[in-house]
Structures are given as C-alpha cells and as structure tokens.
Amino acid sequence: MYFFQRSLAAIAFSAVLPMASAEGIQLKPAWTGIKVDRPITLLSPSDGTGRQFLVEQRGKVRLLPSDQAGKETKTFLDLSDRKMEENQFEEGLIGFAFHPKYKENGKFYVCYSQQEPKRSVISEFKVSAADPDKADPASERILLEVPQPFWNHNSGNMLFAPDGLLFIAFGDGGKRDDPFRFSQNRFVYNGKIIRIDVDTRTGSRPYGIPSDNPFLKQEAVLPEIYAYGLRNPWGLSIDKTTGLFWCADVGQDIWEEIDLIQKGGNYGWSWREGAQPFVIRQEPAPADAKFIDPIHQYDHSEGLSITGGFVYHGKALPDLAGKYLYGDFANGRIWALNYDHTAGKVVDNTQLFQAPLDAKGQATFKPTAFVEDAQGEPVMLDWNGSIQRLTSK
Ligand SMILES: [Ca+2]
C-alpha cells in the first residue's frame, strides 16, 4: 500500500452508493450502519461462531454486528493509545491473524508500528477468559520486533498456512529506491516473507523455526526467511484448492506486480521492478542471481498501488470461479486474473470495475484489502471508510 503524499484522512460515507461497471459487476455497500475508519482487514476466527472482526489501522479491532444493518460494534481490542503513527499514512495496526486453533486456545496475532525507535512489533494476545467478545490486553507476548528506518513500506500482513505455520510479510522499510539495499540482504527482516511456528520455541526465541525453512543451513541468513526481494507486499492469500501462495508487491516508478511465492524464492527487488531491471540500479545484478518474475504486472498507466486479493471459489459470481481478484488502491480498479496453474501462465486479465472519481479527482473506492467472507464471497475494504461487496447486477 503506497499512500500518496496528500491528505487521505477524510473519512466519508461518499463511497456507500452502489457503483456499477460496464461488465455487470458492481459494488454493494455492507454494514452501512457503522462508521468505518481506515480498515485493514476483516476476518473470522474458525470457532464456529460466525463472528466477523474488522481491523482498523489506528489500532482497534471491532466485532461487527451480525445484522448488517446494525449500528453497534463491540471493541474487541484497542491498541490506539500506543503511539503507532509518525504520520497519517502507512503505520499503525497493519497485520492480524487468528490462530487456526483459536476455538481451543483463544490466541491471535497482530503486527503494529511503534516509535522511538521506529519498529514493527509482532505480538500474540489471548481472548479474555471472562468475555469471548473481548481480548485480554494484558496477555500480550511479544514475538518479534523489526527495526523500521522509515514510516512507509513496513507491511506486516500475516497469514496462517493450512499447516499451521505463520507467514509474516515485511516491506523494504522505505523510503524509496530501497536505500539500504535491505530487500536482498538476508540478515534483515525488511523486504522478506518470514515463516515461524508460534506453537514451539527454538533456542531462546519466543517462537519456533520450522525445520524445513529454506535457509537454515546458510550462514549470516536469518532462519525465519521464507522468501525475499520484496518491496511492499500487500495482500497475502493461499488458494485452498491449488495451494498456491499469492502475494501482490507494490511497485515504485513503473510496475505493480503479482507474485506466486515459492520457498526460498528471490523476487528481485531492488535489482528489478516487476520483470524489468530497476532503473535506479546502475550496477549489474550478481551473475548468479536467480530472480522469480511476477506472473502478472501492470504499469503506472493502469494503476499506481496494487492491493492483493484471493482466488475466488464462492458461488454467487460463477463467471469469476477460480480467478484471482485484486485491485489498485490509487484508482479503485478491480480485476480478475485467470491463471492456469497447470500450464503456469496467465490466460487473461479482465477489468471488472473502475471507481468513479469525486469532485477532487480522487477515486471513490480505494481498496486496502480483498478478503473472503465465511461463504467465500468477496468483501473489500475501502480506505474512504466503507465495506463493500462485489456482486453481479
Ligand atoms: Ca519482484
């Protein structure tokens, strides 16, 4: 998520009007009775309760009303007093994941920003023993703190894999041009996707290192690293049908990209932007470097900041079955990417939606996340302050 250097703070209800597309896909507002502030993700624990939680960047996790016209939310967790932000853009509560066995252990994981020194904090919390709709703020167990040189490109997206291991993505740390060359440096967490085991311990670490992590035998490489060479990974998902690990990586000058993450893979930044040499790097990349190209990229005539999504397997939109839904934060476009994983190639990429502009020329829909609801139907979070569903006319 690359936020522009202009005011994005206005929280408006302007985006709750239905917005149609020429292709028969439209956005339909959901939970219209509540005010939404900088939504980051929406998710449910796998505990059978059907409860849906909204994570907001300024530090609140809210339990949404089960009635979508409802006006009341409950605050599950509130970290908003922790001085997360230096500015109004990319810092805050950025990652959230329920433990796969939340029903039994009540554990969940967050990534949030802290200042002095500037860093990303990965912590475990537990639900309150007395109230299933409240977290216990005193239960925090810090797992990892990652220094962040700048306020942008921290990422912090988190995702449990089906095998119960936790992926956490970190951006290159900003500011632009990867000034410290962090993304290719495997002795820092920035510009990486790491994989840890929250249920075990390795040595003095408060978490375990999976025994098949890719770089365990290499010296001067952090054992948590799963993949590297990323700039600002935004939107992780694992397709339950194919097992493919999807990740959008926000570009800088020219290219926005979609990657399929492989164990040990090097995704090129900042030697490359997309599948091209990154123009700012004059020196040649190491001769033995093996970069994994994106499966899809688009240039800045199409959009400026990719927001990753997921492969659709719901029922309401059969034309989109098996396609990867994603969008662009800057202009509110939504696409469906048809990737043939057996052939290993993109079949087509269809634009589904283009957000209208407001009077100031800003997109009326700025997606920060594409997530699946309990039925596998798409829910999109809008930076302008709304929750939207994708529906056919
Ligand atoms: Ca790349």
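These are some notes on the salt bridges, the calcium site and two sheets of this predicted model.

1. Let's start with the charged pairs. Searching the whole structure turns up 20 salt bridges, and a few of them deserve a closer look. R51 and D47 make one of these, with 2.8 Å between the closest N and O atoms. Is R51 buried or exposed? R51 comes out as buried, at a relative accessible area of 14%. D47 is buried too, at 13% relative accessibility; the cut-off for that label is under 20%.

2. The second pair is D253 with R176, where the closest N and O atoms sit 2.9 Å apart. What does this pair tie together? D253 is in the loop between β16 (245-249) and β17 (255-260), while R176 is in the loop between β12 (166-170) and β13 (192-196), so the bridge ties together parts that are 77 residues apart in sequence. As for accessibility, D253 is partly exposed, with a relative accessible area of 30%. R176 is also partly exposed, at 42%.

3. Next comes E302 with R333, whose closest N and O atoms are 3.8 Å apart. Here again distant parts of the chain are linked: E302 belongs to the loop between β20 (296-299) and β21 (306-311), R333 belongs to strand β23 (residues 333-340), and the two are 31 residues apart. The burial labels split in this pair. E302 counts as partly exposed at 32% relative accessibility, whereas R333 counts as buried at 18%.

4. Back to the R51 and D47 neighbourhood for a moment. Which residues are joined into one network by salt bridges that share partners? They are D47, R51, K74 and D133. Two of these have come up already: R51 is buried, and so is D47.

5. Now the calcium ion. Its protein donors are E257 (OE), E257 (OE) and Y267 (O), at 2.2 to 2.7 Å from the ion. E257 is in strand β17 and Y267 is in the loop between β17 and β18 (272-273), so the pair ties together parts that are 10 residues apart in sequence. Both residues, E257 and Y267, are buried. If the donor list looks short to you, bear in mind that water is not among the atoms, so the site may look incomplete.

6. On to the sheets. One is an open sheet of four strands, ordered β3-β4-β5-β6 and paired antiparallel. Its edges are β3 (39-43) and β6 (74-78), each of which pairs on one side only. Ignoring direction, neighbouring strands here are turned by 20° against each other on average. Inside the sheet, β4 (residues 53-56) and β5 (residues 60-63) run antiparallel and are joined by three bridges. For a residue to click on, try L54, whose bridge partner in β5 is R62.

7. The other one is an open sheet of four strands in the order β21-β22-β23-β24, again with antiparallel pairing. Why is one side of β21 and of β24 (345-354) left without a neighbour in the sheet? These two stand at the edges and each has a single partner strand, so one side stays unpaired. From one strand to the next, the twist averages 20°. Strand β22 (residues 324-328) pairs with β23 over four bridges in the antiparallel sense, and L325 has A336 as its bridge partner in β23. That strand, β23, is also where R333 from point 3 sits.

Definitions and conventions: Residues numbered from 1 in each chain as written. Predicted model: local features only at pLDDT ≥ 70, side-chain atom pairs only at ≥ 80, totals over all residues. Heavy atoms only, no water. Salt bridge = Lys/Arg side-chain N within 4 Å of Asp/Glu carboxyl O. Buried < 20%, exposed > 50% of the residue type's maximum accessible area, 1.4 Å probe, protein only. Donors = N, O, S within 2.8 Å, 3.2 Å for Na, K, Ca; no water. Pairing = 2+ DSSP bridges. Axes fitted to C-alpha atoms, helices over the stretch in contact; angles between N-to-C directions.
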